[in-house]
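User: Could you take me through this structure step by step? I am new to reading such models.

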Amino acid sequence: MEIIICKTKEEASRKAADLVAALIKAKPKAVLGLATGSTPVPMYQYLAKDCAAGKISFKQVKSWNLDEYYGLAPTHDQSYRYFMDKNLFDHIDIAKKNTHVLNGLAKDWKKEVAAYEAAIKKAGGIDLQVLGIGSDGHIAFNEPGSSLTSRTRIVSLTPQTIKDNARFFKKAADVPKQALSMGVGSIMEARRIVLLAFGANKADAVKGAVEGGVSQFCTASALQMHQDCWFFCDAAAAAKLKLRKYYAWRAEEALKAEMGA
Ligand code: F6R
């Protein structure tokens, strides 16, 4: 694990975007794994700027997203497909047919998740997976208690998550109670992982993921077992890390080596 600690989320997002851009330059047909949520938005904006400036092109890139609410149409303004279009795909030169989000309306979810995993495999697997982290240490919709070998499947949201999401919907009954989500085991197959974490409310989750024991009660802790995993944190999210000075010292060199600087 490399832990990159920046003063601000903008600085961390720029550095993470540089890592994604470097991959796309080296491999124009890169396969990306993407996340929704507020955290990756600044990084997506930097990537869109780089694309508009002609520095990178997504024309041959393919993407697969982590998760989708089960029961929501892709056109619903709270669906993750809608989110990705509005926050990234509409601003870059990617072919929409190359972007994949689980179908929240799939009647047969087992068929849907099997086809999704098979398609990722057929594309050669994910080169780089972007992740956020929940304040309880979840990655994708792998809430505490999810198996660390889980695959893409249907999951039940926790009562807390349903309550938290209620503000985005007209009435409580509209809030989805299930989602389709890549599993921890599926995520671990990505060749590189880039996790972003910003703000003081992520400090416990980052501490658990980086310095806690590997446990299904903090599913991000499984990333300690990944061979090529980068955490990009702002100072607030990294504040509880015991070894943060050491990580900062080491990571600067690792990032320079990676970017060929
Ligand atoms: C999103 C996802 C979630 C989020 C996490 C953090 O596709 O899978 O695990 O990454 O809930 O959300 P934000 O970034 O909104 O704090």
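Analyst: The conversation below goes through the core, the ligand site and some single residues.

Analyst: This is a predicted model, in which local features need pLDDT of at least 70 and side-chain atom pairs count only at pLDDT 80 or more, while totals for chains, interfaces and linings use all residues. Residues are numbered from 1 along each chain as its sequence is written, and side-chain values use heavy atoms, with hydrogens and water left out.

User: Which residues touch the most other members of the largest nonpolar core?

Analyst: They are Leu32, Met43, Tyr44, Phe58, Leu223, Phe231 and Phe232, in a core of 77 residues. A nonpolar core is a set of buried Ala, Val, Leu, Ile, Met, Phe, Trp, Tyr and Cys residues joined through side-chain atoms within 4.5 Å. Buried means under 20% relative accessible area, exposed means over 50%, and partly exposed lies in between (1.4 Å probe, protein chains only).

User: Which helix gives the most to this core?

Analyst: Helix α1, residues 9-26, does so with 8 residues. Helices (H or I, at least four residues) and strands (E, at least two) are DSSP runs, numbered from the N terminus.

User: And what is Phe232 in contact with?

Analyst: Leaving aside neighbours within four places in sequence, the contacts of Phe232 include Ala12, Lys15, Ala16, Leu19, Phe198 and Leu255. Contact means heavy atoms within 4.5 Å. Apart from the largest core lies another one of 10 residues, including Tyr69 and Phe141.

User: Moving to the ligand, which residues come nearest?

Analyst: Of the 14 residues around the ligand, Thr39, Asp67, His138, Ala140 and Lys202 come nearest. A residue is near a molecule or strand if one of its heavy atoms lies within 4 Å of it.

User: How far is the side chain of Asp67 from a ligand oxygen?

Analyst: An N or O atom in the Asp67 side chain is 2.7 Å from an oxygen atom of the ligand. For His138, a side-chain N or O atom is also placed 2.7 Å from a ligand oxygen, and a polar side-chain atom of Lys202 lies 2.7 Å from one. The protein buries 83% of the 410 Å² that the ligand exposes when taken alone. Accessible areas come from the Shrake-Rupley method with a 1.4 Å probe; for residues, only the protein chains shown count as cover.

User: Where is Ala140 found?

Analyst: Ala140 is in the loop between β6 (128-131) and β7 (153-156). Its phi is positive, about 50°, although Ala140 is not a glycine. Ala140 is buried, at a relative accessible area of 11%.

User: How many disulfides does the structure hold?

Analyst: The structure holds 0 disulfides, a disulfide being a pair of cysteine sulfur atoms within 2.5 Å.

User: Why does Cys6 have no bond to Cys233?

Analyst: Cys6 has none because its sulfur is 8.5 Å from the closest cysteine sulfur, in Cys233, which is too far for a bond. Cys218 is also without a bond because the closest cysteine sulfur, in Cys229, is 12 Å away. Cys6 is buried at 2% relative accessibility, and Cys218 is buried at 12%.

User: Is Lys97 buried or exposed?

Analyst: Lys97 counts as exposed, at 68% relative accessibility. Lys97 is found in the loop between α3 (80-87) and β5 (99-100). Lys97 and Lys62 are 35 residues apart in sequence, and their C-alpha atoms are 8.6 Å apart in space.

Terms used: Polar contact = N/O pair within 3.5 Å; in protein donor to acceptor, adjacent residues only side chain to side chain.
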